[in-house]
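Me: Please take a close look at one part of this model, the nonpolar core and what surrounds it. A single connected account will do.

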Amino acid sequence: KEAVRRVGKFSATPTWANEFFMEEAYRLAKLRTEMFGFDWHVDHIVPIKSKFVCGLHTHDNLQVIPGADNLGKGNRHWPDMPANH
């Protein structure tokens, strides 16, 4: 399952993606996890894969949020999501 996820993330990463900023998001999630004592995740604001939309794996589509919030969100919500979904 993790291998499939990695392949999906790789194929959703354009050549112009800023790897430095993306790596910083993952470092920040790790740091916050250590500092606060609970999991923080790097979340794709617009999901990479869902029935309704496919976002990109780029720095401007990432946010660091508490893990519980990310797990509750799943891939069913994103900004400006149409009301009928």
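Reply: What follows covers the core, two of its residues, and then the aromatic pairs.

The model is predicted. Its largest nonpolar core has eight residues: Ala17, Met22, Ala25, Ala29, Trp40, Val42, Leu62 and Val64. Two or more of these come from each of H2, strand S1 (40-44) and strand S2 (62-66). H2 gives the largest share, three residues. As a general matter, nonpolar side chains in soluble globular proteins tend to be buried together.

Ala17 is a member of this core and sits in the loop between helix H1 (2-11) and helix H2 (19-36). Ala17 counts as buried because its relative accessible area is 11%, below the 20% cut-off. Setting aside residues up to four places away in sequence, Ala17 touches Met22, His57 and Thr58. Of these, Met22 also belongs to the core. Ala17 and His57 lie 40 residues apart in sequence, yet their C-alpha atoms are 7.7 Å apart in space.

Ala25 is another core residue. With neighbours within four places in sequence left out, Ala25 is in contact with Val42, Leu62 and Val64, and these three are listed in the core as well.

The aromatic rings give a further view. The count comes to four aromatic pairs. One of them joins Phe20 and Phe21 edge-to-face, at 5.5 Å centre to centre and with 65° between the planes. Phe21 is partly exposed, with a relative accessible area of 44%. Elsewhere, ring pairs link Phe36, Phe38 and Trp40 into a cluster, and Trp40 is also one of the core residues.

Methods
Residues are numbered from 1 along each chain as its sequence is written. This is a predicted model: local features need pLDDT of at least 70, side-chain atom pairs count only at pLDDT 80 or more; totals for chains, interfaces and linings use all residues. Side-chain values use heavy atoms; hydrogens and water are left out. Helices (H or I, at least four residues) and strands (E, at least two) are DSSP runs, numbered from the N terminus. Buried means under 20% relative accessible area, exposed over 50%, partly exposed in between (1.4 Å probe, protein chains only). Contact means heavy atoms within 4.5 Å. Rings of Phe, Tyr and Trp (its six-membered ring) pair if their centres lie within 6.5 Å; planes under 30 degrees apart count as stacked, over 60 as edge-to-face and the rest as tilted. A nonpolar core is a set of buried Ala, Val, Leu, Ile, Met, Phe, Trp, Tyr and Cys residues joined through side-chain atoms within 4.5 Å.
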